[in-house]
Amino acid sequence: MTRRAALALGAAPLVAPLAMPAVAQTANIKLTLPWLAQGSTAYAYIAKEMGAFTRRGLNVEVSRGFGSVAAAQAVAQGQFDYAIVGAGPVILAAARGLPIVGTATVNYDMTMGIALREDSPIRTAKDLEGKKLGAVPTSAEFPFWPAFAQRAGINMAGITVVQMDNRVLERGLIDRQVDAITAIGSSSIPVMQAQRAAHRFIPYSSAGVNFYANVICTRPEVLAARKSQAEAVTEALLEAAALQLKEPERAIDMFIKQVPEIGITQGGRENARLSQGLMQWTMLAPEAMDHGLGYTDMAKWNAMTDLVMQYGAPNDARRPAPESLISNDFAGKIKLNASEWGTIRTNLAPFGAMLG
C-alpha cells in the first residue's frame, strides 16, 4: 500500500459556515503536509472539498510532505506559506533558529513509538538491544528516539539504525529487513493493517516522552503581515477537523474525492479510515474538549520544549520561549458539546486499543 497526495478543487460545504475573518481578495496559498496524503491529515483536503477555504477567500494548494522535520524546514525557508507539522519538530526548528510559529494544535499525541511485527520476539523496549532498527531520519519521531531509549533504559550501543525511505519503511519491517521501526502510529499502523501484517506498538509515551501531534504553522513574518489570512487558514482546517470527528465516513468520502487514487487502490479506503480514527483518538484531550479545537496547553508545551532541548536540539541551539512559538489567539472558536464528545469517544475506542 502506497500513500499519495493529489490536488483538486473544492465542492459545496456540508456544514454551516462559521463567522470568518475578512480576506481582501482570493489568495493563492501553498500548504505542505508532514507526510503523504492519509486520513490523519485528511482535513486539509476536506477543507477544500467542503469549501471551507473558498468561503474564506483562499485558494489552497496542498502538497505531500517528506517528514515533519523536512516540512518545518520547508515552511521556514519560504517554500510554503503554511504547514502541518508535529509539535516536536516545530520546537526543534525554532531552537535551530528557523523562523516558524504555530497558530493552533490539531491533535494531542504524536503517537510516536516502535512498531513491531506481532510475531516479533521483542516484547519490551529493552529487547531492542542488539537489533536492527529502521528509521526515516527526517521523520517526526526519529529525533526523539534517544529520549525514549534513555528513559526506557535501553543501551543504544548495540542497536544498528538502518536509514530508510518513508515509502518503504513499513515494508522493510514486514519483509524482516529490520527487527523494528521508529514510527508514527497513526501513519504506520494503517499501512501494516492494509497489508494484513499484524503488529504490536510500543509508544514513546510509555517512557514519558509525550508530544503534541499536528500543529498548523507558518512563518512569523506571514503571521505579522497577513494575520487575517493566517486566522482564516487555521479556522478552515479546524472546521474540517470537526466535520471529520462528527461524520467520519462522510469525511472519508470527501477525502477520496480530493485524492481519487485512495479510493481505487486496494485497501485505500480502509487505510484512510484507520489513519483518520487513530488521529482522532488523540483529539480526545481536555484541551479540545474543554476549550475548543486548536487549543494549546502552554504548560505542556513548555514541558515538550524541555524534552527537545535535552534530547533533540544541537549544542548551539537556543530554547524558544513557548509564548513566542504558539498561542491560542485563533483557537477555541469551534467547539463540540459533551454529548458529541461522548459519542465520538465510544466510536473511537477500537482505534485507541491499537496504539498500545
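**Exercises on strand pairing**

In this predicted model, five strands form an open sheet of mixed pairing, in the order β2-β1-β3-β10-β4.

**Exercise 1.** Determine which strands stand at the edges of this sheet, and how neighbouring strands are turned against each other.

*Solution.* Begin with the strand order, β2-β1-β3-β10-β4. β2 (58-63) and β4 (101-105) each have a single partner strand, so they stand at the edges and one side of each lacks a neighbour in the sheet. Averaged over the sheet and ignoring direction, neighbouring strands are turned by 30° against each other.

**Exercise 2.** Describe how strand β1 pairs with strand β3, and identify the helix that packs on the sheet.

*Solution.* Strand β1 (residues 27-32) and strand β3 (residues 82-86) are joined by two bridges in the parallel sense. Within β3, A83 is the bridge partner of T32. The helix is α2 (residues 68-76), which touches β1, β3 and β10 (214-218). The direction of helix α2 makes about 150° with that of β3.

**Exercise 3.** Establish the pairing of strand β5 with β8 and with β9, then explain why β5 is largely enclosed.

*Solution.* Take strand β8 (residues 180-184) to begin with: β5 pairs with β8 in the antiparallel sense over four bridges. Here M112 has I184 as its bridge partner in β8. Next, strand β9 (residues 199-203) pairs with β5 over five bridges, again in the antiparallel sense. The bridge partner of A115 in β9 is F201. Finally, consider burial, meaning under 20% relative accessible area. Six of the six residues of β5 (residues 112-117) are buried, and therefore the strand is largely enclosed by the rest of the structure.

Key:
Residues are numbered from 1 along each chain as its sequence is written. This is a predicted model: local features need pLDDT of at least 70, side-chain atom pairs count only at pLDDT 80 or more; totals for chains, interfaces and linings use all residues. Side-chain values use heavy atoms; hydrogens and water are left out. Buried means under 20% relative accessible area, exposed over 50%, partly exposed in between (1.4 Å probe, protein chains only). Two strands pair if DSSP finds at least two bridges between them. Axes are lines fitted to C-alpha atoms, for helices over the stretch in contact, and angles run from 0 to 180 degrees between N-to-C directions. Contact means heavy atoms within 4.5 Å.
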